[in-house]
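Colleague: I would like to go through this model with you, from the whole chain down to a single residue. Please show it first.

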Amino acid sequence: MARTREFDLDAAVDAAMEVFRSKGYEGTSIRDLAQATGVGSGSLYAAFGSKDGLYLAVLDRYRQRYAKPLVEMLRSGEDAREVIREVFVGVVDDMAGDGQRLACLIVGASMERAHQDLRVAERLRSTTQCVELALYDLLAEGQLRGQISTDRSARDLASFLVTSLQGLRVMGAINPDRATLMRSAEVALSCLN
């Protein structure tokens with residue numbers, strides 16, 4: 001008879017996320033994950049199959065925790081320019097306020113794992129595409145309402161803004177100075193004029 005799982009899977013994934021964000025995939029050992037989650041390595045393997053399986057679960061959770069609220073925010077506003085500004089300010093504030101300089105898991109996974117693991121690459125693509133699609137919808141509506149310049153297509157603007165957001169996360173990990181990050185954000189936002 002199979003043993004009943006004696007730990008909270010969600011809590012284990014959340015704890016593992018923080019380890020992967022601080023140490024990266026390669027720098028994280030099963031021992032690190034067991035210590036952070038409070039779950040034995042055998043139980044982690046039984047639940048997730050492998051370190052890779054836990055990492056994929058972490059990427060899925062990251063999408064739920066960070067990308068989904070961002071998409072909801074993009075779909076919540078009437079004024080496209082204002083909503084997009086709020087998103088950029090939120091990213092800058094997150095980066096400037098993160099005293100630990102924890103990496104964005106999407107950026108870290110892109111640099112460390114996406115080129116060698118198609119499952120990771122697909123999850124990252126799916127996460128960034130859902131943000132880009134929400135931006136596209138907001139931008140297209142904003143263009144119809146005259147809130148956003150029509151000099152560039154909504155599709156091109158959405159792609160550029162996702163790239164800019166991820167670039168802010170990279171630069172924020174290097175230098176989390178709010179004023180510096182806001183200057184870059186303002187340049188990106190100027191494409192909406």
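Colleague: What does the accessible surface of the protein come to, and what percentage of it belongs to carbon and sulfur atoms?
Modeller: Bear in mind that this is a predicted model. The accessible surface of the protein is about 10,300 Å². The share that belongs to carbon and sulfur atoms is 50%.

Colleague: Which pattern does the protein follow along the sequence?
Modeller: The protein has 9 helices and 0 strands. Read along the sequence, the pattern is therefore made of helices, given that helices and strands are the DSSP runs considered. It reads α-α-α-α-α-α-α-α-α.

Colleague: What percentage of the contacts in the protein with a separation of 6 or more is due to residues 24 or more positions apart?
Modeller: The C-alpha atoms fill a box of roughly 65 × 35 × 30 Å along the principal axes. Buried residues make up 43% of the 193 residues. For contacts with a separation of 6 or more, the part from residues 24 or more positions apart is 70%.

Colleague: How far apart are the mean positions of the positive and negative charges?
Modeller: The protein has 24 positive and 27 negative charges. Averaging the places of each set gives two mean positions, and the distance between them is 4 Å.

Colleague: Is Val187 buried or exposed?
Modeller: Val187 lies in helix H9, which covers residues 178-189. Its C-alpha is 9.6 Å from that of Ser164, a residue 23 positions away in sequence. The relative accessible area of Val187 is 59%. Because the cut-off for that class is over 50%, Val187 is exposed.

Conventions
Residues are numbered from 1 along each chain as its sequence is written. This is a predicted model: local features need pLDDT of at least 70, side-chain atom pairs count only at pLDDT 80 or more; totals for chains, interfaces and linings use all residues. Side-chain values use heavy atoms; hydrogens and water are left out. Helices (H or I, at least four residues) and strands (E, at least two) are DSSP runs, numbered from the N terminus. Buried means under 20% relative accessible area, exposed over 50%, partly exposed in between (1.4 Å probe, protein chains only). Contact means heavy atoms within 4.5 Å. Accessible areas come from the Shrake-Rupley method with a 1.4 Å probe; for residues, only the protein chains shown count as cover. Lys and Arg count as positive and Asp and Glu as negative; His and the chain ends are not counted. The place of a charge is taken as NZ of Lys, CZ of Arg, CG of Asp or CD of Glu.
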